[in-house]
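Work through the following exercises with the sequence and the coordinates side by side. Each task is followed by a solution in steps.

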Amino acid sequence: MNTSENTGEDVPFDLSKAAAAATEELLPSKSKERYEKQFQIFEDWRRLKNVTSLTEDVFLAYFAEKSSSYKASSLWSTYSMLKAVLLLKENLDISKFCKVTAYLKRKSTGYQPKKSKCLSRDQIDKFLLEAPDKEFLLMKVALIFGVSGACRCDELSRMLVDDIEDQNNVLIVHIPDSKTKKPRRFVVVDERNLATYRRYLELRPPSIPHKRLFLNYKKGKCTVQPVGLHSFGKFPSQIATYLGLPTPLEYTGHCMRRSSATLLVDAGGDITNLKRHGGWQSSSVAEGYIEESIENKLDIANKIQAGPKKRPFTNIETCPSTSSDSSEICCTEISTEIFDKNWSKEFRQYFPRCRKLDDCMPIVFFLITFL
């Protein structure tokens, strides 16, 4: 019996074809071209340097050269894309190259990625109330939906009329295809917001060959052309310009999503609510969308200044004794002050029936913990 290594020649053609098709699907469909482009850039660099091997030193030299023109975040992005493509095309797992990952971590030390600025609640309300509909109605609706649902620009651009359920006093919005491949839902409330959405919806032309919700808007009229992805990315800076905010270009396409996350946390939302609201799977990623707001800093400072709460000394009652001719003192509530000094003596004063101190300690610790 032939026990030689199994080669591709032993696999039937139809199975090889099916395996090749499955392999092609391993790369993200939306960004497959970017992955292929990064691999091609790496291959061109290898040919330029006359490199034929794929060793750890080769990748270390490649990333060292790229570090002169790439930011730390771009280096990690390039590394991630190369890792995925090389695993498919060369059956090589570069995540095992410890020197490379250590080098990338070192280059990331002290790096602070630029993040979009956020709009405050007052700034959002001011724009929705004061900006004229004739020029800004489209941006108003985009802002309402973007902040209410922590929407990404591509989610807004692909939103359909059929994704919105108008239930008179609330809008239920469905996002069937998100970045994480998990559908989300959110609601839009407030009569003012609902009225703004309905005014925009009434301006849709009667015959449109698609169902995209957001249509280009000029001089009080909607056209049949849908709003593009990059247009949504420019809306926050245009809103900031109208409000007269400094550095309006720092309000990028992530502004509405970051503003939504920050407003939720400022209002008392916890990390679980935040992750569900924005569809984040990682807590660290979700926290990265939260603005370091002054309100949070003030809340922390007030808690520090207030110090620990003192538990007041509470009622002492007489309890019937087990003996027939006397009564004894028992404590229904006890303060931690008893245990500050000479706690053993004080404890026996209020619990005289405890012949052994250990007998009553579970009761005491329960009272201290939950009062």
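**Exercise 1.** How many residues lie between β4 and β5 in their hairpin, and which residue in the turn has a positive phi?

Solution. Before starting, note that this is a predicted model, in which local features need pLDDT of at least 70 and side-chain atom pairs count only at pLDDT 80 or more, while totals for chains, interfaces and linings use all residues. Residues are numbered from 1 along each chain as its sequence is written, and side-chain values use heavy atoms, with hydrogens and water left out.

Step 1: locate the elements, taking helices (H or I, at least four residues) and strands (E, at least two) as DSSP runs numbered from the N terminus; β4 covers residues 215-218 and β5 residues 221-226.
Step 2: establish the pairing, for which DSSP must find at least two bridges between two strands; here three bridges join the antiparallel β4 and β5, and L215 has P226 as its bridge partner in β5.
Step 3: inspect the turn, where two residues separate the strands and K219 has a positive phi of about 55 degrees.

**Exercise 2.** Describe the surroundings of F127, and decide whether F127 is buried or exposed.

Solution. Step 1: place F127 in helix α6, residues 121-130.
Step 2: apply the accessibility classes (buried under 20% relative accessible area, exposed over 50%, partly exposed in between, with a 1.4 Å probe and protein chains only); F127 is buried because its relative accessible area is 0%.
Step 3: list the contacts (heavy atoms within 4.5 Å); beyond its neighbours within four places in sequence, F127 touches F136, M139, K140, L143, I239, Y242 and L243.
Step 4: consider sequence separation, since Y242 is 115 residues from F127 along the chain, yet their C-alpha atoms are separated by 8.0 Å.

**Exercise 3.** Identify which residues of α6 meet helix α7, and characterise that contact.

Solution. Step 1: from α6, I124, F127 and L128 take part, and they meet F136, M139, K140, L143, I144 and V147 in α7.
Step 2: classify these residues (Ala, Val, Leu, Ile, Met, Phe, Trp, Tyr, Cys and Pro count as nonpolar, Asp, Glu, Lys and Arg as charged, and the others, Gly among them, as polar); the contact holds eight nonpolar residues, no polar ones and one charged.
Step 3: relate this to helix geometry: an α-helix has 3.6 residues a turn, so residues three or four places apart point the same way.

**Exercise 4.** State where α12 lies in the sequence and what follows this helix.

Solution. Helix α12 spans residues 271-278, and is followed by G279, whose phi is positive, near 75 degrees.

Key: A polar contact is a pair of N or O atoms within 3.5 Å; within protein, one must be able to donate a hydrogen and the other to accept it, and residues adjacent in sequence count only if both atoms are side-chain atoms.
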